[in-house]
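Trainee: Before I use any of these labels in my own notes, I would like to go through them one at a time and hear what each of them rests on.

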Amino acid sequence: MQASRPFRTAIVPAAGLGTRFLPTTKTVPKELLPVIDTPGIEIVAAEAAEAGAARLLIVTSPGKDAIAAHFAPQPDLVATLIARGKKDLAEKVRRASELIEISTVAQDEPRGLGHAVGCAGDALEADEDAVAVLLPDDLVLPSGVLNRMAEVRARYGGSVLCAFDVPREQISAYGVFDVEDTADPDVKVVRDMVEKPSAEDAPSTFATAGRYLLDRQIFDALKRISPGAGGELQLTDAVALLITEGHPVHVVVHRGGRHDLGNPAGYARAYVDFMLADPSYGPTLHEWLRERLAWNGEGIRGA
């Protein structure tokens, strides 16, 4: 492994059924739903490549072959677009296949995030001592948090997770970290993790996000935890086990934004946010939204 590369493989769990997007996800994997014109998983792949990953290891399930197919080269389509003078569009089509090496492993049954990550363990090379995990439902903005997490791992060792500071009244929807401060206000030592506590019982307001930089020991820990509710193996339980055994775990508090592509409301917000930031679509959409949401004393104009 190159000294400048903190991890070689980025694992992306993508075996879920996408039930909140049915009936669309009967045929289209949720991970391929576009944010403007780019699938969410391609945005995540670009983030992994930017952070130094050489390979994206996608954990899929039967019937989701289209995810890997999206990253396959399509020279005929590219040539057709170039011949028609659509070079910019050809570059967009070519981008996915040139971003990063793609491999897949299968998760034959849905047994939780911990099980999905564990399915990837045997696909790592012997000299890989750390692995990144990126949840494709989470867009962490701006990109770059994995680089910061790698710096923290280089300093402290162990595993490093990403956290957001969430309003306490919303904290019960998340896994929450019990932390101690370091000299850096955005780096915390993790002492424990609590899954979806009440606002009153939450040990902090620092909630899990979908980015992990995990020491390879995580795969041994995943083999030693017990299934929780619904028979699922939780990644947070394996991290908590490592903490009890003295494994250093830190969080980087990310002060940027986040979009959840895993539900229709979050997906809509991400789509609108990306559209507004796009110079081609943003001005027109902004004007339409301004008019659409204008209050006329009786209701929403145009409703």
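Trainee: What makes a side chain count as positive or negative here, and how many of each does the protein chain have?

Mentor: Lys and Arg count as positive, and Asp and Glu as negative; on that basis the protein chain of this predicted model has 31 positive and 43 negative side chains, with the centres of the two sets 4 Å apart.

Trainee: How do you know whether the radius of gyration of the protein chain agrees with that of a compact globule?

Mentor: The globule rule is 2.2 Å times the number of residues to the power 0.38, and for 303 residues this gives a value near 19 Å, so the 21 Å of the protein chain is in agreement with a compact globule. Along the principal axes, the C-alpha atoms fill a box of roughly 60 × 55 × 40 Å.

Trainee: Which share of the residues is buried, and what does the exposed surface consist of?

Mentor: Of the 303 residues in the protein chain, 47% are buried, while about 15,200 Å² is exposed, with carbon and sulfur atoms supplying 51% of that area.

Trainee: Why is Thr-208 called buried or exposed?

Mentor: Buried means under 20% relative accessible area, and Thr-208 has 12%, so Thr-208 counts as buried. Thr-208 belongs to strand E11, residues 206–215, and, leaving aside residues up to four places away in sequence, touches Cys-162, Tyr-174, Gly-175, Phe-177, Met-193 and Arg-258.

Trainee: And what about Ser-226: why is that residue called buried or exposed?

Mentor: The cut-off for exposed is over 50%, and Ser-226, with a relative accessible area of 55%, is therefore exposed. Ser-226 sits in the loop between helix H7 (217–224) and helix H8 (235–244), and its C-alpha atom is separated by 16 Å from that of Ile-243, which is 17 residues apart from Ser-226 along the chain.

Trainee: How do you know that strands E9 and E10 pair, and how do they run?

Mentor: Two strands pair if there are at least two bridges between them; seven bridges join E9 (residues 175–181) to E10 (residues 187–195), so the condition is met, and the two run antiparallel. Glu-180 stands opposite Val-189 in E10, and E9 and E10 form a hairpin with five residues between them.

Trainee: Where do these strands belong in the overall count, and which share of contacts joins residues at least 24 apart?

Mentor: The secondary structure comes to ten helices and 13 strands, and among contacts between residues at least 6 apart in sequence, 75% join residues at least 24 apart.

Note on methods
Residues numbered from 1 in each chain as written. Predicted model: local features only at pLDDT ≥ 70, side-chain atom pairs only at ≥ 80, totals over all residues. Heavy atoms only, no water. Helix = DSSP H or I, 4+ residues; strand = E, 2+ residues; numbered from the N terminus. Buried < 20%, exposed > 50% of the residue type's maximum accessible area, 1.4 Å probe, protein only. Contact = heavy atoms within 4.5 Å. Areas by Shrake-Rupley, 256 points an atom, 1.4 Å probe, with all protein chains shown as cover. Charge placed at Lys NZ, Arg CZ, Asp CG, Glu CD.
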